[in-house]
Amino acid sequence: MLDLRADLAERISAAIQSAQEGGDLPRFDPPEIIVERPREAGHGDFATPVCLGLARLARMAPLQIAEIIVRQMERPDYLGEVQIAPPGFINFTLSELWLARQVDAILEAGATYANSDMGQGLKVQVEFVSANPTGPLHVGSGRNAAIGDALANILEAAGYEVQREYYVNDAGTQIDLFAATLYARYAQALGVDEPLPEGGYQGAYMREMGERLAAEHGSKFLEMDRQEALTHFRDLGLEMMLERIREDLEVMGVRYDRWFSERTLYKDGYFDRAMDLLRRGGYLEERDGAVWFKARDLGADKDEVVVRSSGLPGYFASDIAYHYEKFLVRGFDRVIDVWGADHQGQVPRLKAAVQAMGVDPERLILILYQLVTLKRGGEVLRLSKRTGDMITLREVLDEVGPDATRFFLLARAADSQMDFDLQLAVEQSNENPVYYVQYAHARIASILKYAGDIDWSDGDVSLLTHPQELALIRQMILLPEIVRLAAEKLEPHHLPHYAQDLASTFHSFYRDCRVVSSDPADAAITKARLKLVQAAKITLARTLNLMGMTAPESM
């Protein structure tokens, strides 16, 4: 669908140029043409304040400039009324006939409605969740999953080639500690008095895993060399945790194109190649027995250890090698990492590392999300009643369902802290935004089912002139604009807000406009309204699907 804002901006620019060539306006370089949605009803569908900015350049009153632009501007078929408003705005109102015709355009587009070629096929990787496989996913990981997966959906709709990836932290000291903890729980399950390692993982899930391994393998790991046993437990534990993580994410409806193992960075030589590239660029320095990346040379706040004095790679070394592999091996045009806000300090240093490897740091985007506070009504929830440990993502999914989980976790901008009310999320009332939105889709499905065998394919959309019909169409044609905005700003939270507005507009239409009438005199408007309802169903389902949610046929 045509980008109306961009098209209007081009036409305004052409009108200014034409006025300059005809001598109605003096020569000057016009500023960027801003076309926006008016905040107040009655000011049209679009407005531009450009004349206010041109007054100084043209040495003319804004209203006079507006009159010249309107006189020179070509009128496309989608425009109805064009008005000049003090102190120099130009307001544009869409043609009602053009609006009505968009119903047929939406029906023709079907499930591809709101798609665009904005991304022009650029290769984008979205890496999200990537929680350490040393424990179950929590609700913060769920927010990461909701943001990352919806963002990938949006970018695909906007014409990007998208790869979803989970980075598995399966190397380093935390995995060694995880294996040692699991070994202790396994031994304890077999009646051996084996203490937990210092700083070991305390969760009940470790006890459950140890008991499972004891039941499956008996005492065979107690009978082998301890280091050999720990190697087995590292692999077995990872396999079990990743199985659990995959299951939780599948319940949430999240899929990945690739699960990338941190170990491969070292096994396949990416770490060595990345370090060699930094060394040749003069960005590595030996200090205090360790090797440092000189991030400050590239504007970061401090340098970072990449090889410890022990000779082992530092935590940051894996990040460098991983992004070397992303940009210089797989050749992504853009890489988007979704991280918790507690990693904010690493952002400038990682961007510096990317720059040191010869990659434009603007091609790396890091989205930082804030904490989630779980509530039930007015009560803040901190521990699981079942285990006494942290509340897992799976417990939330089991209680409120994947759709409600996704919607609530997407409902605020990533950089805003949020409250997730589990009690509200399961309410079957208009107070619950998930229920409200999905009920609108179910109501539409019910209307179409009630229509039965009525063939509305030849419905005349020009009959759609009621204010509520036009209001619904106006809301539906916003979706392509919302998708472009979300893709440009990398902000999926615009979708749940739009979904609520669309559902509200549909409910108002349904209240004021009878769709299916048994009166033969109403046959033509019935067909036209059934077309409109089907177009609304497509639009609402598309919005829900972009968020990763289902569009129910009944509630």
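Over how many bridges do β2 and strand β3 pair, and in the parallel or antiparallel sense?

## A three-stranded sheet

The model is predicted. In it, β2 and β3 (residues 89-94) pair over 5 bridges, in the antiparallel sense. One partnership is between Leu79 and Leu94, the latter in β3.

These strands belong to an open sheet of 3 strands. The order is β1-β3-β2, and the pairing is antiparallel. β1 (46-48) and β2 (79-85) form the edges, each pairing on one side only. From one strand to the next, the twist averages 20°. In general, strands of a sheet pair through backbone hydrogen bonds.

## A helix on the sheet

Helix α3 covers residues 62-72 and packs on the sheet. α3 touches β2 and β3. The direction of α3 makes about 160° with that of β2.

## Helix α12 and its cover

Helix α12 spans residues 347-356 and is mostly covered. Of its 10 residues, 7 are buried. They are Val347, Arg349, Leu350, Ala352, Ala353, Val354 and Ala356. Arg349 is thus listed alongside alanines, valines and a leucine.

Both helices and strands contribute to the cover over these buried residues. Among the helices are α10 (270-280) and α11 (315-329). The strands include β8 (290-293), β9 (304-307), β10 (334-340) and β11 (364-369).

## After the helix

What sign does phi take at Gly358? Gly358 lies just after α12, and its phi is positive, about 85°.

Technical notes
Residues are numbered from 1 along each chain as its sequence is written. This is a predicted model: local features need pLDDT of at least 70, side-chain atom pairs count only at pLDDT 80 or more; totals for chains, interfaces and linings use all residues. Side-chain values use heavy atoms; hydrogens and water are left out. Buried means under 20% relative accessible area, exposed over 50%, partly exposed in between (1.4 Å probe, protein chains only). Helices (H or I, at least four residues) and strands (E, at least two) are DSSP runs, numbered from the N terminus. Contact means heavy atoms within 4.5 Å. Two strands pair if DSSP finds at least two bridges between them. Axes are lines fitted to C-alpha atoms, for helices over the stretch in contact, and angles run from 0 to 180 degrees between N-to-C directions.
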